[in-house]
Amino acid sequence: MDKEITDANQNKARLIKIASLSALFGNAFLAAIKIVAGIKAGSLAVIGDGIDSSVDVMIAIMSLFVAHIIAQPADDDHPWGHGRAETIATALLSFMLFFAGSQLIFSSVQHITINEPREIPSFMAVIGTLISIAGKLLLAWSLFLFGKKANSSMLKANAKNMTADVFLSAGVLLGLGLSMFFNIGLIDSWVAILVGLWVLKSALGIFMEVNKELMDGDSDKAHYKEVFDAVKSVEEAGNPHRVRMRRIAGFWDIDIDIEVAPNKTVIEAHWIAHKVEKAIKERVDNVYDIVIHVEPAGNMEDEGFGLSEESLKE
C-alpha cells in the first residue's frame with residue numbers, strides 16, 4: 001500500500017510539474033504583453049491585469065517547488081508523507097491573490113482621489129487584453145485537465161484562478177470600451193477597482209475551500225454515507241460509529257468503529273475488519289489509510305466525536 005501511495009504521489013508530482021511549467025511560461029508571456037501594453041496605452045486596469053499574471057508566474061514557481069516536496073516518500077519525521085505541502089501552498093496562493101487585489105484597489109483609489117485628468121487609453125490596451133483573454137482560456141482549460149487527472153487541489157484552485165482572470169480581462173476590455181466611447185479616462189480606474197474586488201473574491205473562495213482540509217473538515221456527507229453503506233455490506237459487522245474522514249492532499253484518511261458479536265475470536269474480528277476495509281476501498285476512491293476499531297456488540301461508549309448514521313439524518 002505504501003508503494004502505491006508513493007507511486008501515486010510521484011505521478012501526481014510529474015503532472016503538477018508539467019502543468020506548472022506551462023503556466024509559468026504562459027503567464028510570463030501574458031504578463032509582459034499586458035504590462036507593456038498598459039504602460040504604452042496609459043491604462044491602469046491593463047497594468048493591474050498584468051500584475052495579476054505576474055502573481056500567477058510566482059504561483060507556478062511555487063507549484064514546481066511543491067511538486068518536488070510531495071514526490072518524496074514518507075519518512076520518520078513525516079510518517080503521513082509530504083502531501084500537505086500542496087494544501088499549505090494552496091493557502092499561500094490565496095494570500096498572494098488577496099495581496100495583489102488589495103494593491104490594485106489601493107492604487108486605483110489613489111488615482112481617483114487625486115482627481116487629476118486621465119488620458120483615454122489607446123487601442124494597444126485593447127489588443128493586449130484580447131491576447132490575455134485567449135491565453136487565459138487556454139491556460140485555465142489545461143490546468144483544469146491536469147488538476148482533474150492528478151486530483152490536485154492546488155491545480156484545480158489555479159484553474160479557477162485562471163478562469164477568474166478571463167472574466168477579469170473581459171471586465172478590463174469593457175472598461176476600455178466605455179472609456180473610449182464616453183471619452184472619460186477615469187472609467188479605467190473604476191474598472192481597475194472592480195478588477196481588484198474580483199481578485200479578492202477569488203482569493204477568499206480558494207482559502208475557504210482549502211481551509212476545510214486544513215481543519216480536517218468535510219461538509220459533503222455523501223462520503224460518510226458511502227462508508228456506512230460499505231460496513232452494511234459486511235454481514236458480521238454492525239453499528240458503524242465514530243467515523244472521521246479527512247483529506248491529505250487528495251487522499252482520504254478514515255477512522256471508524258464497528259461492532260462484532262462478543263463471542264468472536266481476535267482472528268475472526270480481525271478478518272471482519274479486513275472485509276470492512278476492502279468494502280470501503282471499493283466504494284471510496286483515493287483512500288490513503290483506514291483505521292478500524294472493533295468493539296463487542298452492545299458495549300458502545302459515547303465519546304463525543306465522529307459521525308454515526310443518525311447524525312447524518314439531523
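Contact here means heavy atoms within 4.5 Å. In this predicted model, that criterion picks out a helix pair, H7 and H8. On the H7 side, Glu-226, Val-227, Asp-229, Ala-230 and Val-231 take part, and they meet Val-276, Ala-279, Ile-280 and Arg-283 of H8. Sorted by class, the residues of this contact come out as six nonpolar and three charged, with no polar ones.

As for how the two helices sit, H7 covers residues 222–232 and H8 covers residues 266–283. Their axes come within 8 Å and cross at roughly 135°, which makes H7 oblique to H8. The crossing of H7 past H8 is right-handed.

Turning to open space, the second largest pocket holds about 150 Å³. Its lining is made up of 15 residues, and those nearest the centre are Gly-48, Ile-51, Ala-100, Gln-103 and Leu-104. Three helices each give two or more residues to this lining: H2 (44–70), H3 (84–114) and H6 (187–214). Broken down by class, the lining of the second largest pocket has 10 nonpolar residues, along with four polar and one charged.

Notes. Residues are numbered from 1 along each chain as its sequence is written. This is a predicted model: local features need pLDDT of at least 70, side-chain atom pairs count only at pLDDT 80 or more; totals for chains, interfaces and linings use all residues. Side-chain values use heavy atoms; hydrogens and water are left out. Axes are lines fitted to C-alpha atoms, for helices over the stretch in contact, and angles run from 0 to 180 degrees between N-to-C directions. Helices (H or I, at least four residues) and strands (E, at least two) are DSSP runs, numbered from the N terminus. Angles under 35 degrees count as roughly parallel, over 145 as roughly antiparallel, 65 to 115 as roughly perpendicular and the rest as oblique. A crossing is left-handed if the near helix is turned anticlockwise from the far one by less than a right angle, and right-handed if clockwise. Ala, Val, Leu, Ile, Met, Phe, Trp, Tyr, Cys and Pro count as nonpolar, Asp, Glu, Lys and Arg as charged, and the others, Gly among them, as polar. On a 1 Å grid over the protein atoms alone, a cavity is a set of points where a 1.4 Å probe fits but cannot get out, and a pocket is an open set with protein on both sides within 12 Å along at least five of seven lines; lining residues have an atom within 4 Å of a point. Grid points are joined across faces, edges and corners, and a volume is the space filled by probe spheres set on the points.
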